[in-house]
Amino acid sequence: MTTAAQHPVRHVDIQHAPLRHDDAVAPTATRPTNAAPDTVGPAATAPLRLAYREAGDPAAPVLLLLHALGESSLSWDPLLDDLAALGYRVLAPDARGHGDSDRPGQYSYELMTADTLAFCAALGVTAQDDAAGAADAGGTVAARPVAAPDGFAIVGHSMGAVTAALVTTALNATAPAASDEPTPTPTPTPTQSTAPVTRLVLEDAAPPRPGGPRFEPFDEPDHPVPFDWPLVNALRAQRGDPDPAWWDDALGIEAPVLVVAGGPTSNVDQADLAEFTSRVAHGRLVEIRVGHMVHDEAPDEFLAAVTDFLRR
């Protein structure tokens, strides 16, 4: 869907520790927008400026929207007000290398996950809990991200869906206990979640797993594109040879998960979406037969499915 932007682009500076391919995805620190770079420490990467769009009451629970490869927050722009009307502060960042965000030349799902966690901390969606930190290989204590008391929801499309699943597993697996004393608690029902991410929507994507299709690198086009071209083949290579933990850990998500499938004309294996939905604890599958770009091609149907899910 092509339309004029309704929401202005804003910017925030983030920073986190360098990550290797096999590093944990949680950032060790985040630089507030008004802090000097040296407040993070010598192990931190250079600051990264992320662009984002926002709608809704700043005091409302957050709904985070993560876009597809080659897209930007502009792809969510026509839906921001409708989603905000559900009672959310809606945040839609441009991933690194996309839209108006910086193009650092380094791209991986681990980095995009760390970027997203740092973005959430910088905008107050999560906080850094030093008491919940863990020592890294150098002995430095890394603060863990902790969600606001009400938690928040995430909607991710394609690349953004993979990142959304990784963010959810990182946050929900590291959520600190309310007390050091063990206390019996009831098992959450599908309509409630005690984890930081309380709802997860995956649009026509699921975390990749080993044994899937391999992706041959694309040749760089001879015309300008609205994103940093090297990210395409970097992320395609990871999807063709993913960390097995991406799929396995995502199957352990306890929060309710909605998978919106694009149907037989999508380029995504719909059987994988159905299997993931059936194996996650509280999964629900909705098919909207318009192909991979569901919220672009069928915004009303997509909004109806997401609205129903978020209100349950």
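What is the handedness of the crossing of H2 and H3? The crossing is right-handed in this predicted model, and the legends below begin with that view.

**View A. Packing of helix H2 on helix H3.** Helix H2 (residues 109-122) packs with helix H3 (residues 159-173) at an angle of about 65°, and their axes lie 9 Å apart. From H2, the residues Tyr109, Met112, Thr113, Thr116 and Leu117 take part; they meet Met159, Val162, Thr163, Leu166, Val167, Ala170 and Leu171 of H3. The residues of this contact comprise 9 nonpolar and 3 polar ones, with no charged residue.

**View B. The open sheet and its edges.** The sheet is built of 8 strands in the order S1-S2-S4-S3-S7-S8-S9-S10, with mixed pairing. Strand S1 (10-14) and strand S10 (283-287) each have a single partner strand, so one side of each is left without a neighbour in the sheet. From one strand to the next, the twist averages 25°.

**View C. Strands S3 and S7 with the helices on the sheet.** Strand S3 (residues 62-66) runs parallel to strand S7 (residues 152-157), and the two pair over 5 bridges. Leu65 has Val155 in S7 as its bridge partner. H3 packs on the sheet, where it touches S3, S7 and strand S8 (197-203), and its direction makes about 150° with that of S7. Helix H8 (residues 299-311) also packs on the sheet, touching S3, S7, S8, strand S9 (257-261) and S10; the direction of H8 makes about 160° with that of S8.

**View D. Surroundings of Thr277.** Thr277 belongs to helix H6 (residues 270-279). Thr277 counts as buried because its relative accessibility is 8%, under the 20% cut-off. Leaving aside residues up to four places away in sequence, Thr277 touches Val259, Gly283, Arg284 and Leu285.

Definitions and conventions:
Residues numbered from 1 in each chain as written. Predicted model: local features only at pLDDT ≥ 70, side-chain atom pairs only at ≥ 80, totals over all residues. Heavy atoms only, no water. Axes fitted to C-alpha atoms, helices over the stretch in contact; angles between N-to-C directions. Helix = DSSP H or I, 4+ residues; strand = E, 2+ residues; numbered from the N terminus. Left-handed = near helix turned anticlockwise from the far one by under 90°. Contact = heavy atoms within 4.5 Å. Nonpolar A, V, L, I, M, F, W, Y, C, P; charged D, E, K, R; others polar. Buried < 20%, exposed > 50% of the residue type's maximum accessible area, 1.4 Å probe, protein only. Pairing = 2+ DSSP bridges.
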